[in-house]
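Student: Could you take a close look at one part of this model for me? I would like to start with the aromatic rings and then see what lies around them.

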Amino acid sequence: MKLVTIDDVRAAAQRIRPHVVRTPLLRARWGDDERPLWIKPENLQPIGAFKVRGAFNAVSSVKDTASDVVAYSSGNHAQAVAYAAAEFGLRAHIVMPEETPNVKIQATRDLGARVVLSGAGQREIVADQVRADTDGVMIPPFDHPDVIAGQGTIGLEIAADLPSVRNVLIPVSGGGLASGIGTAIRALCPRARIYGVEPELAADTSQSLREGHRVDWTIEDRNRTIADGLRSQPSELTFAHLQHVLDGMITVTEAEIRSAVRELVYRARMVSEPSGAVTLAAYRQGATPPGETALILSGGNIEPRMLQQILAEDDHT
């Protein structure tokens, strides 16, 4: 299988530069002395998440030949494709699971997209029907080289801003983000160790990497986690990348995720959705070696009511 290369990531960086924010790498001075902590705040992107990078790279490659694009997503990829399509004057049709937080559904509609809701585990089937009905081009959330390369531009920026990085912590769901960042970090910071992070309640990737092949967790099992953006499973393409670039996986509990959301608010002054906070939860476990540590805060699209509930919980951070 052909994997994305550092040249692909560099080309993506040139393509998306006018459309995305080059997010800063922020020093968190409240981190551990032996593992200086840096945060890559992708919640500062125009749609509040890293997905805008891969979406713009993929949509820009079809903007001159297509009038409609189709995507399926629990939220952040949905908004990203809707945003990119609007920028290029294309029609976007987005299939979203019925359990998607309302804040993400409404944000996608506000960007001009047509939203089609699907039952649990049915979004890909419904999206394929929408694609057939509209003759649109499918922009998958992670299973595409252009999407992977676009997400990998985060790794280029980390390597440029912190060449001494020794640990990189990345949320894992479908695996596109870790595949792309891992590709860039492997090429530019070969001494760094790259860790994927996922909830214990959706730890299919951890099990798959241990067993050497993809394993299937039911959608009912994966939907148990509060981290709604981490409920997908790697594709054959992303799993091949993860096997190549990851040094290990770290799983975190629901309580650790909620605590990390609070810590990011109170210590970093940043709003993170649970999916974006898993990397801080992993950092707090202390499982990574000493050295400069960069974590990806992948998105900040959290339901206001959920954020209120999490902040109201007891915490001794």
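Tutor: This is a predicted model. Start with the rings. The count comes to two aromatic pairs. A pair of aromatic rings is described by two values, the distance of the centres and the angle of the planes. Keep both in mind.

Take F56 and Y83. Their rings pair edge-to-face. The centres are 5.5 Å apart, and the planes meet at 85 degrees. Now place them on the chain. F56 is in helix α2, residues 51–60. Y83 is in helix α3, residues 76–88. They are 27 residues apart, so this pair links distant parts of the chain.

F56 has another partner, F88. This pair is edge-to-face too, with 5.7 Å centre to centre and 75 degrees between the planes. F56 lies in α2 and F88 in α3, so the pair ties together parts that are 32 residues apart in sequence. Put the rings together: F56, Y83 and F88 form one aromatic cluster.

Are these rings buried or exposed? Buried means under 20% relative accessible area. F56 has 1%, so F56 is buried. F88 has 22%, so F88 counts as partly exposed.

F88 also has a charge over its ring. K63 lies over the face of F88, at 5.7 Å from the ring centre. Elsewhere, R35 lies over the face of Y283, at 4.0 Å from the ring centre.

Next, the sheet. Strands of a sheet pair through backbone hydrogen bonds, either parallel or antiparallel. Here four strands form an open sheet, and the pairing is parallel. Read the order as β5-β4-β3-β6. The edge strands are β5 (114–118) and β6 (137–138). Each has a single partner strand, so one side of each is left without a neighbour in the sheet. Look at the β6 end. Strand β3, residues 68–72, pairs with β6 over two bridges, in the parallel sense. V70 has M138 as its bridge partner in β6.

A helix lies across this sheet. Helix α5, residues 123–134, crosses β3, β4 (91–97), β5 and β6. Its direction is at about 170 degrees to β3. Pick out V130, which is in α5. Its relative accessibility is 7%, so V130 counts as buried. What does V130 touch, leaving aside its neighbours within four places in sequence? The contacts are V70, H93, V95, R114 and V116. V70 is the residue whose bridge partner in β6 is M138. Now compare V130 with N167. They are 37 residues apart along the chain, and their C-alpha atoms are separated by 41 Å.

Finally, the nonpolar cores. The largest has 30 residues. I39 and L280 have the most contacts inside it. Several elements supply at least two residues each, among them strands β2 (37–41), β8 (193–199), β9 (248–252) and β10 (293–297). Helices α11 (254–267), α12 (274–285) and α13 (304–312) do so as well. Of these, α12 gives the most, with six residues. Follow L280 outward. Leaving aside its neighbours within four places in sequence, L280 is in contact with W30, L37, A260, E263, L264 and L295. There is also a second, separate core of 28 residues. It includes A58, A78, A85 and V115.

Conventions: Residues are numbered from 1 along each chain as its sequence is written. This is a predicted model: local features need pLDDT of at least 70, side-chain atom pairs count only at pLDDT 80 or more; totals for chains, interfaces and linings use all residues. Side-chain values use heavy atoms; hydrogens and water are left out. A nonpolar core is a set of buried Ala, Val, Leu, Ile, Met, Phe, Trp, Tyr and Cys residues joined through side-chain atoms within 4.5 Å. Buried means under 20% relative accessible area, exposed over 50%, partly exposed in between (1.4 Å probe, protein chains only). Contact means heavy atoms within 4.5 Å. Rings of Phe, Tyr and Trp (its six-membered ring) pair if their centres lie within 6.5 Å; planes under 30 degrees apart count as stacked, over 60 as edge-to-face and the rest as tilted. A charge sits over a ring if NZ of Lys or CZ of Arg is within 6 Å of the ring centre and within 35 degrees of the ring normal. Two strands pair if DSSP finds at least two bridges between them. Axes are lines fitted to C-alpha atoms, for helices over the stretch in contact, and angles run from 0 to 180 degrees between N-to-C directions.
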